[in-house]
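Visitor: Could we go through this structure together, one topic at a time?
Guide: Certainly; the sequence and the structure are shown here.

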Amino acid sequence: MTEQPQTSHHSHGAGGYEKRDVNMKLVLLWTVASVLFIVISLVVINSYFVLTTEDVVYQSVLKPQAVTFRELRAREDQALNSYKVLDPAKGIYQIPIERAMELVADEAYRAPRPK
């Protein structure tokens with residue numbers, strides 16, 4: 001008795017290609033799940049961004065200032081925007097910063113320019 005060797009060829013029919021269709025329900029399910037994941041991720045990221053931005057604005061602009069800080073700011077503003085005699089014997093006076101900048105600019109404008 002002669003035995004013929006068996007070959008393990010998977011035949012897909014006469015055409016030589018896969019004849020089954022893709023499982024469209026599974027593809028559709030994965031597509032919907034992926035889109036939902038992306039949308040939910042975007043909503044969460046946007047909410048985090050809005051909350052973080054609001055917190056930064058509150059901390060830098062809207063947060064109530066400490067009393068000592070407000071007092072310091074008032075003293076600084078008073079010193080920068082008032083006239084005062086510091087040493088009358090030497091002729092030293094304090095003038096508002098805006099006026100001092102105007103005087104320095106005028107003096108620089110009127111100074112003779114080197115040729």
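**A conversation about the model**

Guide: At the start of α1, the backbone nitrogen of K25 has a side-chain oxygen of N23 within 3.3 Å. Please note that this is a predicted model.

Visitor: How many helices and strands does the protein have?
Guide: The protein has three helices and two strands. Along the sequence they follow the pattern α-α-β-β-α.

Visitor: What span should α1 have, and how far apart are its end C-alpha atoms?
Guide: Helix α1 has 39 residues, which at 1.5 Å a residue should span 57 Å. The end C-alpha atoms of α1 are 55 Å apart, in agreement with that expectation.

Visitor: Which residues make the nonpolar surface patch?
Guide: The patch is made by L28, V32, L36, I40 and V44, and it covers about 480 Å². One of these residues, L36, is found in helix α1, residues 24–62.

Visitor: Is L36 buried or exposed?
Guide: Neither, as L36 is partly exposed, with a relative accessible area of 49%. L36 can therefore belong to a surface patch, since patch residues need over 30% relative accessible area.

Visitor: And what about the spacing of such residues in general?
Guide: An α-helix has 3.6 residues a turn, so residues three or four places apart point the same way.

Visitor: Changing topic, what percentage of the residues count as buried?
Guide: Of the 115 residues of the protein, 3% count as buried. The protein exposes about 11,500 Å², and carbon and sulfur atoms supply 63% of that area.

Visitor: How many salt bridges are found in the whole structure?
Guide: The search finds three salt bridges. One of them joins E18 and R20, with the closest N and O atoms 2.8 Å apart.

Visitor: Are E18 and R20 buried or exposed?
Guide: E18 counts as partly exposed at 42% relative accessibility. R20 counts as exposed, with a relative accessibility of 69%.

Visitor: Which residue meets R73 in a salt bridge?
Guide: The side chain of R73 meets that of E76, at 4.0 Å from N to O. R73 and E76 are three residues apart in helix α2, residues 67–80, and are therefore separated by about one helical turn. R73 counts as partly exposed at 42% relative accessibility, and E76 is partly exposed at 38%.

Visitor: Where do R99 and E102 lie?
Guide: Both lie in helix α3, residues 97–110, three residues apart, about one turn of the helix. Their side chains meet in a salt bridge, with an N to O distance of 3.3 Å. R99 is partly exposed, with a relative accessible area of 36%, and E102 is partly exposed at 42%.

Visitor: Now the strands. In what sense do β1 and β2 pair?
Guide: Strand β1, residues 84–87, and strand β2, residues 92–94, pair in the antiparallel sense over three bridges.

Visitor: Which residue stands opposite I92 of β2?
Guide: D87 stands opposite I92.

Visitor: What phi does G91 take in the hairpin?
Guide: G91 takes a positive phi near 75°. The hairpin of β1 and β2 has four residues between the strands.

Visitor: Anything general about side chains in strands?
Guide: In a regular strand the side chains alternate between the two faces of the sheet.

Terms used. Residues numbered from 1 in each chain as written. Predicted model: local features only at pLDDT ≥ 70, side-chain atom pairs only at ≥ 80, totals over all residues. Heavy atoms only, no water. Buried < 20%, exposed > 50% of the residue type's maximum accessible area, 1.4 Å probe, protein only. Areas by Shrake-Rupley, 256 points an atom, 1.4 Å probe, with all protein chains shown as cover. Patch = residues over 30% accessible without salt bridge, like charges linked within 9 Å, V, L, I, M, F, W, Y side chains within 5 Å. Pairing = 2+ DSSP bridges. Expected span 1.5 Å × (residues − 1). Polar contact = N/O pair within 3.5 Å; in protein donor to acceptor, adjacent residues only side chain to side chain.
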